[in-house]
Amino acid sequence: MRLHPPALAVLSAAALCAVMPSGARAAAPPADHVVLAVEGGPAYRLDADVTGGGIAVTDTVGDYAVNRIRGTATLPGGAALTVGISRGPLGLGGSLSFEDRGADVRITAVVAGGVTARGDGTVAWRGTALVRSGGGTALRNVALTVEDRRPDPGDHAIRITHAGQARNAILRLPDDYDGTPRPVLFHFPGLVETPWMAELFGRMADYAQKHGFIMITPEHHGIAWQEVGSQHDVPPDPDVDDPGFVDRLQDILVSRFNADPRRLYASGMSNGGYFTSKMACENGRFAAFAPVAGQLDDPATCRPGRHIPIILIHGDADPVVDYAEAPVSAAFWARNNSCAPTTTDTTLPDLDPADGTTVVRSAYDGCPSDGPVTLLRIRGGGHNWPGGIPFLGPLLGGTTHDIDANAAIWTFVSTHRLP
């Protein structure tokens with residue numbers, strides 16, 4: 001990441017998106033960057049890329065705010081910066097130390113406030129530090145900025161303004177993330193569901209963390225994604241533009257996090273499942289789709305112009321979204337993909353007889369390799385994430401443990417990529 005003192009201009013989120021045009025290939029990310037300045041005389045300033053190690057900036061899922069700035073960065077000339085800052089009851093605090101032996105400069109500081117952060121991995125601190133230089137020691141004003149241009153494993157927030165609205169998303173970089181191109185799964189939360197709720201009840205980010213792909217969960221504006229499901233009856237807000245927001249996020253994933261633009265995938269639950277289906281109709285940058293408990297509700301308006309690899313998951317005892325939508329939607333996608341109208345049906349092993357559910361997999365016959373269509377019918381399943389923690393307990397019906405939706409989705413979508 002690049003650090004800038006407050007007086008310097010910084011790259012805006014909009015400019016960051018403009019760096020990489022839609023569909024462009026990802027390149028290896030640059031190194032983190034540090035700017036450190038001691039104010040007053042004798043002045044000292046360092047403005048350089050990190051040559052070894054790095055400073056990791058991670059965020060929280062709940063409020064999209066920075067919660068940790070830590071690491072040791074080696075800089076040109078043998079200089080080194082160590083930062084240990086984390087969020088506590090009084091905000092961001094901790095310590096930092098810096099040494100540049102060639103310039104005979106040593107800096108130590110207790111950080112208690114004065115930290116600012118943006119949604120692009122840039123953090124800055126301005127405060128008083130103990131500076132040793134030229135045989136003397138004094139308290140001096142110091143400004144430090146770090147830009148995490150090579151993000152590290154963990155949670156990262158994206159905060160941008162799109163169509164006049166503040167929009168947010170959270171993503172998890174896997175444990176083995178090293179800056180090389182990775183596939184990305186977008187997960188769209190349901191009605192009134194926030195990203196942290198989706199993670200709590202579904203644990204999809206935890207699955208991604210262990211299986212080497214990037215997981216991003218955008219936040220809808222208001223209580224739902226626009227123009228899908230029941231939102232069809234609500235006049236769209238021209239200042240929201242959900243499809244455009246997703247396109248912006250795709251740009252950011254490719255440009256900042258080095259996502260593989262050929263391996264972007266979409267999933268969603270309930271209202272998010274409807275929106276996933278909308279993206280299958282409209283967004284040509286996703287390679288495969290997995291709507292759960294919310295399927296394509298208006299096939300007459302869907303003209304994707306290509307084959308759509310898709311797996312649909314739905315419980316036939318869903319009290320919120322009628323299961324009858326699922327086979328109708330699956331049949332539409334089969335026709336779109338030039339599949340046969342018949343299916344091969346398989347009852348999966350009943351791994352948890354106590355949950356009162358079983359799962360039937362219906363795979364459409366004769367589908368092309370770039371357009372398979374699969375429907376997972378959860379017999380006795382309600383409006384909950386398969387294999388997850390039931391939202392509102394049993395009030396929304398049964399939760400199957402015969403399949404893990406995270407594994408089923410990733411196993412399906414990860415085999416596809418755009419040409």
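**Figure 1. Arg182 pairs with Asp178 in a salt bridge.** The closest N and O atoms of Arg182 and Asp178 are 3.5 Å apart. The model shown here and in the other views is predicted. Arg182 counts as buried, at 9% relative accessibility. Asp178 is partly exposed, at 42%. Why does Arg182 count as buried? Its relative accessibility is 9%, and buried means under 20%. Asp178 lies above that cut-off but not over 50%, so it is classed as partly exposed.

**Figure 2. Asp206 and Arg203 belong to a salt-bridge network.** Asp206 bridges to Arg203, with 3.7 Å between the closest N and O atoms. Both partners are partly exposed: Asp206 has a relative accessible area of 26%, and Arg203 has 38%. Which residues make up the network? Asp155, Arg172, Glu199, Arg203 and Asp206 are joined into one network by salt bridges that share partners.

**Figure 3. Asp47 and Arg45 form a salt bridge.** Their side chains meet at 3.6 Å, N to O. Asp47 is partly exposed, with a relative accessible area of 45%. Arg45 is also partly exposed, at 45% relative accessibility. How many salt bridges does the whole structure hold? The search finds 20.

**Figure 4. A left-handed disulfide links Cys281 and Cys302.** The S to S distance is 2.1 Å. The angle about the S-S bond is -105°. The link connects distant parts of the chain, its two cysteines being 21 residues apart. Cys281 sits in helix H5, residues 271-282. Cys302 lies in the loop between strand S16 (288-292) and strand S17 (310-315). Cys281 is buried, with a relative accessible area of 14%. Cys302 is buried as well, at 6% relative accessibility.

**Figure 5. A right-handed disulfide links Cys339 and Cys367.** Here the S to S distance is 2.0 Å. The angle about the S-S bond is 115°. Both cysteines sit in loops, 28 residues apart. Cys339 falls between helix H6 (325-336) and strand S18 (343-347). Cys367 falls between strand S19 (358-364) and strand S20 (373-379). Is each end buried or partly exposed? Cys339 is buried, at 13% relative accessible area, whereas Cys367 is partly exposed, at 22%. The structure has two disulfides. With the bonded cysteines numbered in sequence order, the pairing is 1-2, 3-4.

**Figure 6. Thr415 is an exposed residue in the segment after helix H7.** Helix H7 spans residues 405-413. Thr415 has a relative accessible area of 59%. A polar contact of 3.4 Å joins its side chain to that of His416. Where does Asp370 stand relative to Thr415? Asp370 is 45 residues away in sequence and 9.7 Å away in space, C-alpha to C-alpha.

**Figure 7. The close-ups in context: a chain of seven helices and 20 strands.** The radius of gyration is 24 Å, close to the 22 Å that the globule rule gives for 419 residues, so the chain is as compact as a globular protein of that length. Its C-alpha atoms fill a box of roughly 85 × 40 × 40 Å along the principal axes. Of the 419 residues, 53% count as buried. Among contacts between residues at least 6 apart in sequence, 61% join residues at least 24 apart. The chain exposes about 16800 Å², and carbon and sulfur atoms supply 56% of that area.

Methods
Residues are numbered from 1 along each chain as its sequence is written. This is a predicted model: local features need pLDDT of at least 70, side-chain atom pairs count only at pLDDT 80 or more; totals for chains, interfaces and linings use all residues. Side-chain values use heavy atoms; hydrogens and water are left out. Helices (H or I, at least four residues) and strands (E, at least two) are DSSP runs, numbered from the N terminus. Buried means under 20% relative accessible area, exposed over 50%, partly exposed in between (1.4 Å probe, protein chains only). A polar contact is a pair of N or O atoms within 3.5 Å; within protein, one must be able to donate a hydrogen and the other to accept it, and residues adjacent in sequence count only if both atoms are side-chain atoms. A salt bridge is a side-chain nitrogen of Lys or Arg within 4 Å of a carboxyl oxygen of Asp or Glu. The radius of gyration is taken over C-alpha atoms; the globule rule is 2.2 Å times the number of residues to the power 0.38. Contact means heavy atoms within 4.5 Å. Accessible areas come from the Shrake-Rupley method with a 1.4 Å probe; for residues, only the protein chains shown count as cover. A disulfide is a pair of cysteine sulfur atoms within 2.5 Å.
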